[in-house]
Amino acid sequence: MDMDMATEMITMKAPDISCEHCVATVKKTVGQFSGVQSVEADAETKIITLTYDPMQADLPRIEKALEEEGYPVEK
Ligand SMILES: [Cu+2]
């Protein structure tokens, strides 16, 4: 039996990420959500890379939290 958690990866672009402080805030914000396995953010590319369990992680809520922190995700 396969006990591995399901994992999916997505990238999101948040153009307001401008420095390492933003990166830290984004990582902290996203990392608080259940089902999030890892989160990386890059101040150069403005890209957030998220690996998560699709059965647990609520992506719309994560995007909302990012928007509330001042980093709306580009659609
Ligand atoms: Cu910043």
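Colleague: Which residues have the most contacts inside the largest nonpolar core?
Modeller: The model is a predicted one, and its largest nonpolar core has 13 residues. Membership requires a buried residue of a nonpolar type joined to others through C-beta atoms within 7 Å. Inside this core, the residues with the most contacts are A14, V26, V30, I48, L50 and L66.

Colleague: Which element gives the most to this core?
Modeller: At least two residues of the core come from each of α1, β2, β3 and α2, the last of these spanning 59-69. Among the contributors, the one that gives the most, with three residues, is β3.

Colleague: In what order do the three strands form the open sheet?
Modeller: The edge strands, each of which pairs on one side only, are β1 (8-13) and β2 (36-41). Pairing in the sheet is antiparallel, and neighbouring strands are turned against each other by 15 degrees on average, with direction ignored. The order is β1-β3-β2.

Colleague: Which residue in β3 does A41 stand opposite?
Modeller: Strand β2 runs antiparallel to β3, which covers residues 47-52, and five bridges join the two. A41 lies within the range of β2, 36-41, and the residue that stands opposite A41 in β3 is I48.

Colleague: At about what angle to β2 does helix α1 run?
Modeller: Helix α1, residues 20-31, lies across both β2 and β3. V26, whose number falls within that helix range, touches A41 and I48, as well as A14, I17, L66 and Y71, when residues up to four places away in sequence are not counted. Relative to β2, the helix runs at about 165 degrees.

Terms used
Residues are numbered from 1 along each chain as its sequence is written. This is a predicted model: local features need pLDDT of at least 70, side-chain atom pairs count only at pLDDT 80 or more; totals for chains, interfaces and linings use all residues. Two strands pair if DSSP finds at least two bridges between them. Helices (H or I, at least four residues) and strands (E, at least two) are DSSP runs, numbered from the N terminus. Axes are lines fitted to C-alpha atoms, for helices over the stretch in contact, and angles run from 0 to 180 degrees between N-to-C directions. Two residues are in contact if their C-beta atoms, placed from the backbone, lie within 7 Å. A residue is buried if 20 or more other C-beta atoms lie within 10 Å of its own, exposed if 12 or fewer, and partly exposed in between; C-beta atoms are placed from the backbone.
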